[in-house]
Amino acid sequence: MKLLWLQSGGCGGCTQSLLCAEPRPLFDELRDAGIEFVWHPALSLESGDAALQILEDCAEGRLSFDVLCIEGAMLRGPNGSGKFHLMAGSGRPMTEWVERLARHARWVFAIGSCTAYGGFSASTPGNPLEACGLQFDTDEPGGLLGKGFQSNGGLPVVNIAGCPVHPGWVVDTLEKLAFEGLAASDLDAYGRPLLYADQLVHHGCSRNEFYEFKASAEKQSDLGCLMENLGCKGTQAHADCNIRPWNGSGSCLRGGFACIACTEPGFEAPGHPFQETPKLAGIPIGLPTDMPKAWFVALAALSKSATPKRVRENAVVDHPVIRPAVKKAGK
Amino acid sequence: MKRVLVGPFNRVEGDLEVSLDVDAGQVVAARVNSPLFRGFEQLLVGRVAQDALAIVPRICGICSIAQSAAAAAALASASGVQMPANGKLAQSLILATENLADHLTHFYLFFMPDFARASYVDRSWYPDVASRFAAIKGSAAPAALGARAGFFKLIGFLAGRWPHSLALQPGGSTKAMTAAERIRVLALLREFRGFLETTLLGGSLEQFSALASESALRDWAAGRAGDFPAFLNAAYDLRLESVGRAKDLFLSYGAYDLFAGGVWSPEYGETAAVDRLDPAKIAEDVSHAWLAQGEPLPPALGETVVDANKAAAYTWCKAPRYAGQVAETGALARQVVAGQPLARDLVCRHGASVTARVVARMIELATVVPAMEHWVKAIVPGDPFCNQLVLPDSGEGVGLVEAARGSLGHWLSFRRGRIDRYQIIAPTTWNFSPHDGSGQPGPLEQALIGLPAGEEAAPTIQHVVRSFDPCMVCTVH
């Protein structure tokens, strides 16, 4: 299976994250799955004219490839000219290259939330860059390729959303496609592969004992649950970050900071400070979506009243000050 | 004379195009273009000041921690918050991990593959170097990627994830290291040291960092097995120690309390003290950028207003200047400013060069990893890692840090809690800046002049461009 990879209005972080793939080094993992790069801007030897020749051959259908991977937002400005991102050496807008290449791709993958939904560029007030995703404009179907776009393989754009993507999300989706195929039923309503997006960041969170008792962190570096005060959206964000760790053993929550729901369209402009939970009458708005609010408030009140001293006190410091009690066998 | 356009200039971070005027097979003038505009400075305006911590890492996927550190430092300077000792150690560890991983990624994935080009097929070192460093397929890649991923596990423990962590705060770090994590982190550092000593350098870090002159370096490398000695052998064969000189005025903000900041030039003398850095002497010129024309402005007063049809412009990159002068930044600048003897000897003999820039990255790997081992041991589990940020209603701040590629500065001001100005000067904005209003070309533009170019030319231009390890996504933030 052949990949052609291009980068546009993004930070390159999805490629950099991908290179952290584990347990096997990325190139070995892909090679043994029969996956190879036709060209990748960060990794391939060919530069200048040699690189442009490869891209032109792909865009004209002379050189076949299977998956078009795009990283970074589509920048259509200023005034629809695409000049905010011209493909180096070609003088042509990247948006034009992407449209030409997408016509010949069997599958099109949006790598990261910028490519999927437009990213920070699209969420700037007034969107001066005229940024969008490949098939979404924030949470609205549309984007550069249009809401009805299907690649030759019969799928809409596969949105491997995340800012950045976890390397496992990309590798697993590619290997699923290579070995078993990918169907529309493998994607959710925002085009995300269910293999990582049918979980919530909340699942497997190491702070779950604090969540159970609503024992909340009050300030940065506290150990408690980050939902009540510090802006955590782990109960609403679709991703398996706390089941499939980052960089060996990490996650945002394990790192001590809130989930900002970077796999969700529009996460860039939440309408409140990222590290603060908006509240109404002292009650956080944006509670878990699949739980009636009244029930949540009632349960929270109950669980807070039942919080063990250990959990309550450990929640507001940066290291445990009360250890779990040790009991004798059988008592 | 003919004009040659080189692009896409790949295996750099982001988008780069280089336009060369070539006469009789030599470059007589160069124009460096960043053909991508992202506009993060405008994007930040109107946001709550602390939101910068979540937004600025997204400027760059290869030095996102450095961007975080600059924003955190700018907010800290606006608030007066101090970091507890653990917080400072944790921030240094997190930033150093990213900077050193960058040096490794650059060497193996971005820089060395050019030595595997067919134009070197007649060189004695070619067969070994080509099979080791060929892009993607080379024998060096698996171990290098493994070492990189393993090293980034430090960030898994210390900052949650990489890239785009929110752990770095003005008052320290959100992640207090546990006693168990301290043991694991030390083990990871030993593992990384092992890779550097056996595979990359072929000798101990301490032995390498003690080399004090070019002749000592050559003696050390002679006949030595290792990926860096293999580079050095090829580089001396190609005389890359005298290729790629820019203006030889070096700028560094100083890093981790380990490398002093300042400004230095070989004209001052090999053992001369540095000029103290005066940030007030920094200004950005926009005369050749697609930005509304105006006088050069210090970043605290800077503007970024698009003018996509400006006639004299050829890039989205501004031209930062220090006291009106072209300055180079990066690992080499950091080391010569800090007075590192080997780096200074190389620059005093030949000026800045491809070889000197690569050697400087190796010096950093060899000196910073042992420092990291000390920082981890100095952390006291149980002591605080983070002090609370209390921002005034209005204010301004400056954050000056060193990213892998050099000096990174954030200048912000805010009113009623919201950002009203945010200006960023990234390392590659210095190094890959265009001509300024007085006609001075930027550092890379100067470094390319006189190089061989054309159909049959060796890839010297490739080596020079990549010796700076450019980060174009930062440049155009």
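This report describes the contact between chain A and chain B, two sheets of chain B, and several backbone features of both chains. The model is a predicted one.

## The interface between the chains

On the side of chain B, 73 residues are in contact with 74 residues of chain A. Together the two chains bury about 5900 Å² between them, and carbon and sulfur atoms give 60% of this area. Within chain B, the residues that lose the most area to chain A are B:P8, B:I136 and B:R161, which together account for 12% of what that side buries.

The interface has a count of one salt bridge. In this salt bridge the side chain of B:K153 meets that of A:E22, with a distance of 3.1 Å from N to O. Polar contacts across the interface of chain B and chain A amount to 29 residue pairs, with both residues of each pair at pLDDT 80 or more.

Several helices of chain B contribute to the side that touches chain A: α1 (40-44), α2 (52-55), α4 (85-111), α6 (141-151), α7 (153-159) and α17 (460-467) each supply at least two residues. Helix α6(B) gives the largest share, six residues. Sorted by class, the side of chain B that touches chain A holds 41 nonpolar, 16 polar and 16 charged residues.

## The sheet of β11, β12 and β13 in chain B

Strands of a sheet pair through backbone hydrogen bonds, in either a parallel or an antiparallel manner. In chain B, three strands form an open sheet in the order β11-β12-β13, and their pairing is antiparallel. The edges are taken by β11 (395-403) and β13 (418-425) of chain B; each has a single partner strand, so one side of each is left without a neighbour in the sheet. From one strand to the next, the twist averages 15 degrees.

Strand β12 of chain B, which covers residues 406-415, is joined to β11(B) by nine bridges. B:A403 stands opposite B:G406 of β12(B), and B:G395 has B:F414 in β12(B) as its bridge partner. A hairpin through two residues connects β11(B) to β12(B).

Between β12(B) and β13(B) there are seven bridges, and these strands run antiparallel. Here B:H410 stands opposite B:I424 in β13(B). The hairpin of β12(B) and β13(B) has two residues between the strands, and B:R416 takes a positive phi near 45 degrees in this hairpin.

A helix also belongs to the description of this sheet, after the pairing of β11(B) with β12(B) through nine bridges. Helix α3 of chain B (residues 64-79) packs on the sheet and touches β11, β12 and β13 of chain B; the direction of the helix makes about 145 degrees with that of β11(B).

## The sheet of β1, β2 and β3 in chain B

Another open sheet of chain B consists of three strands in the order β1-β2-β3, with antiparallel pairing. Strands β1 (2-6) and β3 (26-33) of chain B stand at its edges, and each has a single partner strand, so one side of each lacks a neighbour in the sheet. The twist averages 20 degrees from one strand to the next.

Strand β2 of chain B (residues 17-23) and β3(B) run antiparallel and are joined by seven bridges. Within this pairing, B:D21 has B:A29 in β3(B) as its bridge partner.

## Backbone features in loops

The table lists cis peptide bonds and positive phi values, together with the loops in which the residues lie.

| Feature | Angle | Loop |
|---|---|---|
| Cis peptide bond, A:C163 and A:P164 | omega about 0 degrees | A:P164 between β9 (158-160) and α7 (167-180) of chain A |
| Cis peptide bond, B:G7 and B:P8 | omega about 0 degrees | B:P8 between β1 and β2 of chain B |
| Positive phi, A:T138 | phi near 55 degrees | between β7 (136-137) and β8 (140-141) of chain A |
| Positive phi, B:Y256 | phi near 50 degrees | between β6 (250-252) and β7 (262-264) of chain B |

B:P8 links two parts of this account. This residue is joined to B:G7 by a cis peptide bond, and B:P8 is also among the residues of chain B that lose the most area to chain A. Its place is in the loop between β1 and β2 of chain B.

Key
Residues are numbered from 1 along each chain as its sequence is written. Chains are lettered from A and ligands numbered from 1 in the order in which they are written. This is a predicted model: local features need pLDDT of at least 70, side-chain atom pairs count only at pLDDT 80 or more; totals for chains, interfaces and linings use all residues. Side-chain values use heavy atoms; hydrogens and water are left out. Two strands pair if DSSP finds at least two bridges between them. Helices (H or I, at least four residues) and strands (E, at least two) are DSSP runs, numbered from the N terminus. Axes are lines fitted to C-alpha atoms, for helices over the stretch in contact, and angles run from 0 to 180 degrees between N-to-C directions. Contact means heavy atoms within 4.5 Å. Buried area is the accessible area (1.4 Å probe) that two parts lose on being put together, summed over both. A salt bridge is a side-chain nitrogen of Lys or Arg within 4 Å of a carboxyl oxygen of Asp or Glu. A polar contact is a pair of N or O atoms within 3.5 Å; within protein, one must be able to donate a hydrogen and the other to accept it, and residues adjacent in sequence count only if both atoms are side-chain atoms. Ala, Val, Leu, Ile, Met, Phe, Trp, Tyr, Cys and Pro count as nonpolar, Asp, Glu, Lys and Arg as charged, and the others, Gly among them, as polar.
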